[in-house]
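This report describes one protein structure in running text, with one small table. Please read it with the structure in view.

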Amino acid sequence: MTANQASPRAGLPAAQAATARPHDPADHPAICCRPTDLPLVAVRKKTALYAPLLLGAALAAVLALAGSAMASPITGHDATSTGSISKILSAGDIVTGVRGTTNGDVILTGSHATGEGANTLPFLYQGPLTSAAEDSGFHALTPPFAGFMTGTFYGPDTSTYNPDTIPGGQVRAVGSYRTGDGVFNHGMIYLGPVSGGGTWTTIDVPADGSNTAGGVRACPSDQPGCVVMDTIAHSTMGNLVVGNYDLNLGHGVSGNAFIYNMTTHQWTLLQLGGSLASGTTLYGIWQNGGPGSPNYTLAGGSSAHGSSLRTQRAFLMNYNERTGHLGPPRFYTYGNAPALVTHFDGITAVPGGFNLATISSAQASSMAFVPTNGGNWPLFGRATWYPIDVAASRVCKPAGCSMVTGNTVFQNQVMGVYVKQSDGKPRTYLATVPTS
């Protein structure tokens, strides 16, 4: 285990284990915990209703397309997992990202409902994961951007993992915000104390190819009316930020992924399958080899998997920030079986590989373990899948839940959103997945 990998947290109380039975290596699905009536829109992590910042139109379109086949709500029912999945924070608080700290606590990022319509404030939380609450460790921050209306953080980083770029006692958090200036969402980077008072920086994907690797243009040169409408910064580690951007309607297929280098201020616009319009998303990043290493593993989803079916598959891919070299993506589907949508939403290194928070049309929330070898430029092996049946747990009782997602993962602890039928409010669950 390298210093950059997640390590056991001393003094952190153990969470109850969620019922999660892996699919076996022969692809035979586990018997149970595979609900077939989940609405596909439930797998959207960045839903405009509860965190009004776009996921990316391409992926949203895929999810919406699937929704008609799975439109009935999630229903609660008796299960042995009752009591094994717990609520953290308060109603209206959506956790989107997590990183560990040196003292055994964690940093959480997300959105906090302001009570003014659908508007939210980005929040940071520092403290124990299993007892996260709106206490002295919780801070909803107001970005100082002119005309700020609403925003959220999607991913943090800490000096535990990157002491060369993040001063002790500070965190870096990335996300998006809206001002009403005609751009739907701007990207943002915060660096400073959890309680606020740090520096805020706007980042927007350049439409014209300026400061992009290879001069690649987000907007076609023959469409002067094209603008980048969204820059959604999802995750950060080392010198890099990864996320997605969208174009205004009528100017090409939207929803592509970017890598942003905070040191060089250069953007890399992904062209999986040789196209900027392959519905590619990047939600997670992990720096392999510790602070200063140029090698990273990226996680997300894409339709550029070579199949004639325009489905979304999760993928992992290596990237070297010094050379700009991208390794070949390896694609995954939930349960190693056909699925309309599978997407990796969060990544964390564990002994022997990566754990990944996953959403899918076949299972609203799950954790995948992908074994690796090859050091700091890893080769990705066959995934083992652990379904997390939030709908059957006590958090959704008595009337059931209308939405469940899997947003982020720390060690073997997955967090995501659930929305109860009884009041329609988004909340965050914490599930600990037994892997042995």
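P398 is found in the loop between strands β22 (384-387) and β23 (401-404); strands (E, at least two residues) and helices (H or I, at least four residues) are DSSP runs, numbered from the N terminus. The peptide bond from K397 to P398 is cis, with omega near 5 degrees. Most peptide bonds are trans, and most residues other than glycine have a negative phi.

The model is predicted: local features need pLDDT of at least 70 and side-chain atom pairs count only at pLDDT 80 or more, while totals for chains, interfaces and linings use all residues. Residues are numbered from 1 along each chain as its sequence is written, and side-chain values use heavy atoms, with hydrogens and water left out.

**Two loop residues with positive phi**

The table lists two residues that are not glycine and have a positive phi. Buried means under 20% relative accessible area, exposed means over 50%, and partly exposed lies in between (1.4 Å probe, protein chains only).

| Residue | Phi | Loop | Relative accessible area |
|---|---|---|---|
| L89 | about 60 degrees | between β1 (85-88) and β2 (93-100) | 5%, buried |
| H265 | about 60 degrees | between β12 and β13 (267-269) | 47%, partly exposed |

**The protein as a whole**

The protein has 1 helix and 26 strands. Of its 436 residues, 60% are buried. The accessible surface comes to about 15300 Å², and carbon and sulfur atoms hold 54% of that surface; these areas come from the Shrake-Rupley method with a 1.4 Å probe, and for residues only the protein chains shown count as cover. A contact means heavy atoms within 4.5 Å. Among contacts with a separation of 6 or more, 57% are between residues 24 or more positions apart.

**A sheet of four strands**

An open sheet of 4 strands has the order β14-β15-β16-β17, and the pairing is antiparallel. The edge strands are β14 and β17 (330-332), each of which pairs on one side only. Neighbouring strands of this sheet are turned by 25 degrees against each other on average, direction ignored; axes are lines fitted to C-alpha atoms, for helices over the stretch in contact, and angles run from 0 to 180 degrees between N-to-C directions.

Two strands pair if DSSP finds at least two bridges between them. Strand β14 (residues 281-288) is joined to β15 by 7 bridges, and L282 has G300 in β15 as its bridge partner. The hairpin of β14 and β15 has 6 residues between the strands, and G289 in this hairpin takes a positive phi near 100 degrees. On the other pairing, 8 bridges join β15 to β16, with G301 opposite A314 in β16.

Why is strand β15 (residues 295-302) largely enclosed by the rest of the structure? The reason is that 8 of its 8 residues are buried. In a regular strand the side chains alternate between the two faces of the sheet. In β15, N295, T297, A299 and G301 are buried on one side, and Y296, L298, G300 and S302 are buried on the other.

**Nonpolar cores**

In soluble globular proteins, nonpolar side chains tend to be buried together. A nonpolar core is a set of buried Ala, Val, Leu, Ile, Met, Phe, Trp, Tyr and Cys residues joined through side-chain atoms within 4.5 Å. The largest core has 48 residues, and those with the most contacts inside it are L108, L298, L316, Y332, F344 and L356. Strand β16 (residues 313-320) supplies the largest share of this core, 5 residues. Apart from this core lies another, of 18 residues, including I189, C226, V241 and L247.

Leaving aside neighbours within four places in sequence, L108 is in contact with ten listed residues, among them I88, V95, F123, L129 and M415.

**Two buried polar residues**

N261 lies in strand β12 (residues 256-261) and counts as buried at 8% relative accessibility. A polar contact is a pair of N or O atoms within 3.5 Å; within protein, one must be able to donate a hydrogen and the other to accept it, and residues adjacent in sequence count only if both atoms are side-chain atoms. The side chains of N261 and E321 are joined by a polar contact of 3.3 Å. A polar atom of the N261 side chain also lies 2.8 Å from the backbone nitrogen of T263.

T432 is in strand β26 (residues 426-432) and is buried, with a relative accessible area of 10%. Its side chain makes a polar contact of 3.3 Å with the side chain of Q413.
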